[in-house]
Amino acid sequence: MLDDLFAQLRTATAPAEIEALQSGIWQLWLTSGDVALDKVLEAGMRAMQAEDHTLAIKHFTEIIQINPAFAEAWNKRATAHYLRGEYRASLDDIAETLRREPRHFGALWGEASIWRQLGEYRRALRVLSQLAAICPHLPGLHEQQLYFRERLEDGGAME
């Protein structure tokens, strides 16, 4: 089912269709197959919404220790680290997410955002190219790619 959704995402052009397909993918990603772990994931997401990133990281780490193959636990922990301004830890967890799910558009978008904040425009552009292979018509993608290309042309960070 996940492969079918990604195949449709590659050809989708309408923003509403892209959003619906991404939502379906997220629903699959947010399910570990273990009811108890799913509850811990929900608790971590609630903690993140309450801006208790330390507690969120604790919950996501618990899931990773029990089921390290669950990509979404890595992705959520990457997000919590990002929200705390811990970019290196976030990038490490994004790498783990992508090792488990190379098509993870949320992780790729997050990675590009970190590189942008760090002024690493070439790296951000490289990540956005990976994202474009997954969802070429993602709203905002082409604008971001143009932004980075312009920065590089203006002598922005080269690596």
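Which helix is the place of Leu83? Select Leu83 in this predicted model and the surrounding element is helix α5, residues 71-83. The tour starts here and then moves through the helices and one loop.

**Stop 1: Leu83**

Leu83 has a relative accessibility of 44%, so it counts as partly exposed. Show the residues that Leu83 touches, leaving out those up to four places away in sequence: they are Met48 and His53. For a distance check, draw a line from the C-alpha of Leu83 to that of Arg103; the two are 22 Å apart in space and 20 residues apart in sequence.

**Stop 2: α3 against α4**

Met48 and His53 lead to the next pair of helices. Select α3 (35-49) and α4 (53-66). Their axes are 7 Å apart, and the helices pack at an angle of about 160°. Angles over 145 degrees count as roughly antiparallel, and α3 and α4 are therefore roughly antiparallel to each other. Their crossing is left-handed. On the α3 side, show Leu37, Val40, Leu41, Ala43, Gly44, Met45, Ala47 and Met48. On the α4 side, show His53, Leu55, Ala56, His59, Phe60, Glu62, Ile63 and Ile66. Coloured by class, the residues of this contact divide into twelve nonpolar, three polar and one charged.

Next, select Gln49, which is also found in helix α3. Gln49 is exposed, with a relative accessible area of 69%. Measuring in the viewer from the C-alpha of Gln49 to the C-alpha of Ala80 should give 9.9 Å, for two residues 31 apart in sequence.

**Stop 3: the loop between α3 and α4**

Select Glu51, in the loop between α3 and α4. Its phi is near 65°, a positive value in a residue other than glycine. Glu51 counts as exposed because its relative accessibility is 63%.

Asp52 is found in the loop between α3 and α4 too. At 34% relative accessibility, Asp52 counts as partly exposed. Which backbone nitrogen lies 3.1 Å from a polar atom of the side chain of Asp52? Display the backbone of Leu55: the nitrogen belongs to that residue. For a longer line across the model, join the C-alpha atoms of Asp52 and Arg100, which are 26 Å apart in space and 48 residues apart in sequence.

**Stop 4: Thr97 in α6**

Go to helix α6, residues 87-100, and select Thr97. Is Thr97 buried or exposed? Its relative accessibility is 0%, so Thr97 counts as buried. Leaving aside neighbours within four places in sequence, show what Thr97 is in contact with: Ala71, Trp74, Asn75, His104 and Ala107.

**Stop 5: Ile114 in α7**

Move to helix α7, residues 105-117, and select Ile114. Ile114 counts as buried, because its relative accessibility is 0%. With residues up to four places away in sequence left out, Ile114 touches Tyr82, Tyr87, Ser90, Leu91 and Ile94. A line from the C-alpha of Ile114 to the C-alpha of Ala7 spans 27 Å, for a separation of 107 residues in sequence. Follow that line to reach the next stop.

**Stop 6: α1 against α2**

Select helix α1 (residues 2-11) and helix α2 (residues 15-29). The axes of α1 and α2 lie 10 Å apart, and the packing angle is about 155°. α1 and α2 are therefore roughly antiparallel to each other. Viewed for handedness, the crossing of α1 and α2 is left-handed. Which residues of α1 meet α2? From α1, show Leu2, Leu5, Phe6, Gln8 and Leu9. Facing them in α2, show Ile18, Leu21, Gln22, Gly24, Ile25, Leu28 and Trp29. The contact of α1 with α2 has nine nonpolar and three polar residues, and no charged ones.

**Back through the selections**

To finish, keep the two helix pairs on screen together. The crossing of α1 and α2 is left-handed, and so is the crossing of α3 and α4. The contact of α3 with α4 includes one charged residue, whereas the contact of α1 with α2 has none.

Conventions: Residues numbered from 1 in each chain as written. Predicted model: local features only at pLDDT ≥ 70, side-chain atom pairs only at ≥ 80, totals over all residues. Heavy atoms only, no water. Axes fitted to C-alpha atoms, helices over the stretch in contact; angles between N-to-C directions. Helix = DSSP H or I, 4+ residues; strand = E, 2+ residues; numbered from the N terminus. Parallel < 35°, antiparallel > 145°, perpendicular 65-115°, else oblique. Left-handed = near helix turned anticlockwise from the far one by under 90°. Contact = heavy atoms within 4.5 Å. Nonpolar A, V, L, I, M, F, W, Y, C, P; charged D, E, K, R; others polar. Buried < 20%, exposed > 50% of the residue type's maximum accessible area, 1.4 Å probe, protein only. Polar contact = N/O pair within 3.5 Å; in protein donor to acceptor, adjacent residues only side chain to side chain.
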